[in-house]
Amino acid sequence: MKNVIVSTCLFGIPCRYDGKSVVDETLIQKISAVCHPIPFCPEVYGGLTTPRDPAERIGDKVISNRGKDVTREYMRGAKECLRLAKMMGCQYALLKSRSPSCGKGTIYDGTFSGKVTEGDGVTAEILMKNGIKVFDSDHVEELLFALTNEE
């Protein structure tokens, strides 16, 4: 079975900005049946606390709802995620959708209004630039298909 980076919050660890998780027992069972999940939270590894102020990506920056630039912490966590993925031979990642760190394809738009825009989180972007196939938590079935149909 392949090693796959998985956002820690999806596995029930309360590491999100609000101190909560988004655990889905069915997701855990499905993922664990076809791969070795390697939970990782880029925000925590980047040095941010739990809980923490919500942040959204605006261009190349990640800014908290209080106006603090947290880009450096997000980038540090993204680079650590890439380092772990390479060390563990991961070709895939399953990340939390719409996150300024983990979102793939769509992220919150920077207005803190719940609106989304096209774009990727910093971790998703770095992983993809380095050849790792990223799926977000809204596309678990696509990841499962890729894992079970790969030669």
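Is Tyr45 buried, partly exposed or exposed? Hold that one for a moment. First, a caution: this is a predicted model.

Let's start with the aromatics. A search of the whole structure turns up two aromatic pairs. One of them joins Phe40 and Tyr45, and this pair is stacked. The centres sit 4.4 Å from each other, with 20° between the planes. Now back to the opening question. Tyr45 is partly exposed, because its relative accessible area is 49%. Phe40 is buried, with a relative accessible area of 3%.

The other pair is Tyr92 with Phe135. This one is tilted, at 6.2 Å centre to centre and 35° between the planes. What does the pair tie together? Tyr92 belongs to strand E5 and Phe135 to strand E8, so the pair links parts 43 residues apart in sequence. Tyr92 counts as buried at 3% relative accessibility. Phe135 also counts as buried, at 13%.

On to the core. The largest nonpolar core has 23 residues. Those with the most contacts inside it are Ile5, Tyr74, Ala93, Leu95 and Leu127. Strand E2 (35-40), H3, E5 and H4 each supply at least two of its residues. Which element gives the most? That is H3, with six residues.

Take Ala93 from that list. Leaving out residues up to four places away in sequence, Ala93 touches Val4, Ile5, Leu127, Ile132, Lys133, Val134 and Phe135. Apart from this core lies another, of 19 residues. Among them are Leu27, Ile31, Cys41 and Leu144.

Next, helix H4, residues 122-129. Which of its residues are buried? Val122, Thr123, Ala124, Ile126 and Leu127 are. What covers them includes three kinds of neighbour worth pointing out on the screen: helices H2 (42-45) and H3 (71-87), strands E3 (55-58) and E4 (61-64), and strands E5 (92-95) and E8 (133-136). After H4 comes Gly131, with a positive phi near 85°.

Last, the hairpin. E3 and E4 run antiparallel, joined by four bridges. Ile58 stands opposite Lys61 in E4. Two residues lie between the strands. Gly59, in the turn, has a positive phi of about 65°.

To recap: H3 gives the most to the largest core, with six residues. The Tyr92 and Phe135 pair ties E5 to E8. And E3 and E4 form a hairpin.

Terms used:
Residues numbered from 1 in each chain as written. Predicted model: local features only at pLDDT ≥ 70, side-chain atom pairs only at ≥ 80, totals over all residues. Heavy atoms only, no water. Buried < 20%, exposed > 50% of the residue type's maximum accessible area, 1.4 Å probe, protein only. Contact = heavy atoms within 4.5 Å. Pairing = 2+ DSSP bridges. Core = buried A, V, L, I, M, F, W, Y, C linked by side-chain atoms within 4.5 Å. Phe/Tyr/Trp six-rings, centres within 6.5 Å; stacked < 30°, edge-to-face > 60°.
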